[in-house]
Amino acid sequence: MVTPFPSHRFSLADRFNKTPGSSRQPWSNMSCVQRQHKLSKSEELLRNASSQKVIQTNAKLLGMEGDPDLQFLLQGGDLLKVLSSSWKKTRCLKLQEDCKTMWRESKKVFKSSQTFPVDSISAVRLGRQSEGLKKSTEEQVEGRCFTILFKGRRKNLDLIASSEEEARRWVRSLEKLVSNINNLNRQQTTEHWIFSCLRKADKDKDDKLSQSEMKRFLQLINIELDDDYAEMLFKQCDKSNSGYLAGAEIEHFYDLLTHREEIDVIYGEYAKTTGFMSAQNLVEFLMKEQREKTTLADAKQIIEKHEPDEQAKAKELLSKDGFLMYLHNPDAMLLNPDHKVLHHDMQQPLNHYFISSSHNTYLMEDQLKGPSSTEAYIRALMKGCRCVELDCWDGSDNEPVIYHGYTLTSKILFKDVIKAIKEYAFKTSDYPVILSLENHCSVEQQSVMAKHMTSILGSALVTTPLGDSMPTNFPSPEELKGKFLIKGKRLNKLEASFADASPEDEDTDVTEEEESGNEAEKEPEEKKSKKKLKLAKELSNMVIYCKSVHFHGFEDARKNLGFYEMSSFKEGKAMNLAEDSANAYIRHNVEKLSRIYPAGSRTDSSNYNPVPLWNAGCQIVALNFQTSCKEMDINQGRFVVNGKSGYVLKPAYMRDVSTEFDPITLTRGEWLQNKTLHVMVISAQQLPKVNKKKRSIVDPIVTVEIYGVPADVAEQKTSPVDNNGFNPAWNELFQFEVYVPELALVRFLIEDHDSTSGNEFIGQYTIPFNSLQMGYRHVPLLNKNGDLLPSAGLFVFVMVVDAQ
């Protein structure tokens with residue numbers, strides 16, 4: 001039997017002189033930084049009161065010292081903010097001295113100002129690309145317009161510069177700053193954040209920290225100490241007995257903060273060469289603890305890349321700081337770097353993949369009165385979504401519109417949506433995008449829809465089968481790279497396009513029962529009585545590989561439907577089939593595509609659990625991408641691999657038409673690969689505050705969750721750590737039995753514990769079970785919107801062994 005942890009690992013709690021789950025000294029668990037670097041930074045920040053010195057410090061951290069674009073942002077300027085055609089106001093926009101916060105101020109008599117962090121910017125777009133600018137400005141100001149887009153639900157900032165050159169300068173400068181901030185490593189991000197908090201805590205800007213300023217600093221970084229303990233810490237650092245900390249005393253305080261005992265323990269086990277790790281020591285660590293196949297040459301490359309001390313590097317030695325920098329390297333974190341990139345066989349038929357899919361993609365919020373927006377399509381596509389939905393209705397001036405029918409949701413032009421999809425479809429992934437049409441339009445406006453898709457999408461739109469003869473199976477994602485597929489109703493069988501039937505012989509009606517893409521629960525009862533829908537031939541002929549048909553049972557589908565004829569299932573029906581007829585559903589999905597959509601009762605745009613549907617082989621499991629929730633976390637975790645292409649190859653046993661696999665009964669077969677997962681939750685770093693009130697400090701608790709076949713679903717929780725979001729430690733060990741690892745996902749959830757009102761979300765990270773790296777790993781954390789929390793992280797030890 002393989003021992004999952006070296007024996008000394010079980011004494012980690014003793015090595016830290018504590019019991020698992022209890023809180024520990026709050027200053028002793030943050031990333032260590034090279035001492036010389038720390039000293040120069042702390043002195044430079046707090047010994048120099050002038051803003052210019054502070055700016056130089058932060059610019060250097062960002063690698064933008066003396067950069068003209070940074071100077072442009074620091075200087076700032078007046079811009080015209082646009083809310084509507086009648087509301088355009090001058091606003092001053094300027095980068096603050098921390099080089100990570102933008103400040104804007106109105107020009108009113110009673111001035112008001114607002115700030116926003118640069119890392120909240122998702123994109124900066126030049127021109128009249130936003131809906132707001134298109135509606136509220138004239139074409140002649142196209143080159144002077146730009147839009148700042150934010151992560152999450154924050155509204156865009158539409159702006160007009162005084163000239164086209166100035167607009168380009170704003171866009172270029174902001175894009176460079178955002179890129180540099182996003183490319184900071186974990187040490188640099190932490191360093192930047194801590195120095196900003198130090199600066200904020202030094203209220204009188206005298207380059208010193210009084211005891212009250214030190215307490216304020218600790219609150220800013222999410223630690224709360226009682227007065228006696230704070231006084232003891234202060235006196236420990238105040239070597240001069242002056243009543244404040246300055247110079248080397250601040251450096252000593254910083255040194256206490258940046259010390260991580262767990263790294264001392266791990267590093268100390270292998271640093272056997274004059275207090276350093278040699279390349280051979282590093283090989284031993286990588287093979288024994290991380291279970292990596294590595295060579296001496298690999299270890300020397302790691303030292304060359306990550307060791308900050310040039311003298312140590314010259315001797316091919318790795319210091320503790322270099323060791324920690326390596327552990328923070330993205331390739332050394334929890335997600336296997338080989339799985340980040342495209343690594344699945346992309347030559348299989350399209351229906352052999354799970355496909356990242358969105359429901360009611362046009363909605364930004366709820367299903368009843370929320371706004372519709374082209375921006376919702378852009379956000380979904382940029383997240384790797386490969387199947388988007390378009391609810392199409394007749395609009396004025398013979399222009400079809402998209403909105404949620406029979407509700408108060410706003411309307412957007414069909415042609416604007418197609419233009420946005422065309423521009424952003426392949427920025428994240430090169431693989432095909434399916435346009436799922438909910439067609440409620442008249443024949444006349446259906447013809448307009450077909451005309452827009454033809455003119456805008458051009459040759460990228462698949463309008464005929466690939467090859468010269470009638471296909472018998474789906475093409476592969478590789479064959480469909482850069483292509484758009486239409487899912488919708490079709491007047492006839494695809495085979496008819498290879499026959500000699502004249503167009504006049506074709507019926508222009510399709511009955512309600514012939515398709516199930518129409519999510520009928522959306523409509524009032526009086527509307528459901530309609531039995532026939534006229535269908536324009538030019539739109540019908542665009543449906544090649546995804547013809548919507550009604551589902552009459554698995555046997556009927558097998559005997560009477562072509563491979564390209566697919567059904568959409570409301571979540572309730574799909575869940576019943578996945579539970580009661582799982583194997584039949586899996587076999588059906590070996591030959592056909594299935595799309596699942598949320599129940600109409602989910603007017604708040606909530607989501608269902610996608611895992612049981614993936615377990616049944618369903619490919620297009622459509623979720624409300626606009627909603628931040630656990631289900632979207634799981635979806636993001638499923639598709640975080642394979643280059644974030646939006647396509648994940650199903651296991652071989654779910655691509656075999658004679659498969660016996662059933663996720664409910666779990667009879668013996670190749671899918672049973674019993675594994676035991678050991679997870680030690682060790683510590684966390686720089687967790688954000690949930691409640692932004694100054695004195696609010698989190699009480700973090702970690703839950704490790706397993707999703708997959710029913711037998712694998714499980715969760716275990718740590719004890720909460722009181723009043724420490726900066727550097728909590730647990731050292732708690734969990735064990736899970738996983739029977740079908742190819743379908744399993746692991747989720748790490750951190751919450752602010754509250755026994756009275758319920759826990760509040762802090763961050764999470766979800767990853768496929770088979771993409772876990774073993775050993776000591778940092779786990780990045782994502783916020784509710786699925787965006788990275790720059791400084792925050794979890795530190796764990798993971799080991800997977802064959803179950804006995």
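Reader: Which residues have the most contacts inside the largest nonpolar core?

Author: Leu390, Ile421, Leu435, Met453, Tyr585 and Leu794 do, in a core of 105 residues. Keep in mind that this is a predicted model.

Reader: Which helix gives the most to this core?

Author: Helix α18, residues 414-424, with 6 residues.

Reader: What is Leu794 in contact with, leaving aside its neighbours within four places in sequence?

Author: Its partners include Val681, Val702, Trp730, Phe748, Ile750, Val779 and Leu781. Ser683, Gln685, Arg777 and His778 are also among them.

Reader: Which residues does the second, separate core include?

Author: That core has 31 residues, including Leu159, Trp170, Leu177 and Leu184.

Reader: How is a pair of packed helices described? What about α4 and α6?

Author: Two packed helices are described by the angle between their axes and the distance between the axes. Take helix α4 (residues 68-75) and helix α6 (residues 164-182): their axes come within 9 Å and cross at roughly 110 degrees. Angles of 65 to 115 degrees count as roughly perpendicular, so α4 is roughly perpendicular to α6.

Reader: Which residues make the contact?

Author: From α4, Pro68, Asp69, Leu70, Phe72 and Leu73. From α6, the list includes Glu166, Arg169, Trp170, Leu174 and Leu177. The residues of this contact divide into 7 nonpolar, 1 polar and 5 charged. Trp170 and Leu177 of α6 also belong to the second core.

Reader: Now burial. Which residues of helix α23 are buried?

Author: In α23, residues 571-580, they are Glu571, Ala574, Leu577 and Ala578. Look down the helix axis. These buried residues fall within an arc of 130 degrees, so they line one face of the helix.

Reader: Which residues are exposed on the other side of α23?

Author: Glu579 and Asp580.

Reader: What do the buried residues of α23 pack against?

Author: Three helices and two strands are listed: α22 (554-560), α24 (582-591) and α25 (611-615), with β21 (565-570) and β22 (594-597).

Reader: How many residues of α24 are buried?

Author: 7 of its 10, so call α24 mostly covered. Ala582, Asn583, Tyr585, Ile586, His588, Asn589 and Val590 are the buried ones. They pack against α22, β21, α23, β22 and α25. Tyr585 appeared earlier, among the residues with the most contacts inside the largest core.

Reader: And the whole chain? How many helices and strands does it have?

Author: The protein chain has 26 helices and 32 strands. Buried residues make up 57% of its 804 residues. Contacts also reach along the sequence: of those with a separation of 6 or more, 70% join residues 24 or more positions apart.

Terms used
Residues are numbered from 1 along each chain as its sequence is written. This is a predicted model: local features need pLDDT of at least 70, side-chain atom pairs count only at pLDDT 80 or more; totals for chains, interfaces and linings use all residues. Side-chain values use heavy atoms; hydrogens and water are left out. Axes are lines fitted to C-alpha atoms, for helices over the stretch in contact, and angles run from 0 to 180 degrees between N-to-C directions. Helices (H or I, at least four residues) and strands (E, at least two) are DSSP runs, numbered from the N terminus. Angles under 35 degrees count as roughly parallel, over 145 as roughly antiparallel, 65 to 115 as roughly perpendicular and the rest as oblique. Contact means heavy atoms within 4.5 Å. Ala, Val, Leu, Ile, Met, Phe, Trp, Tyr, Cys and Pro count as nonpolar, Asp, Glu, Lys and Arg as charged, and the others, Gly among them, as polar. A nonpolar core is a set of buried Ala, Val, Leu, Ile, Met, Phe, Trp, Tyr and Cys residues joined through side-chain atoms within 4.5 Å. Buried means under 20% relative accessible area, exposed over 50%, partly exposed in between (1.4 Å probe, protein chains only). The arc is that of the directions from the helix axis to the C-beta atoms.
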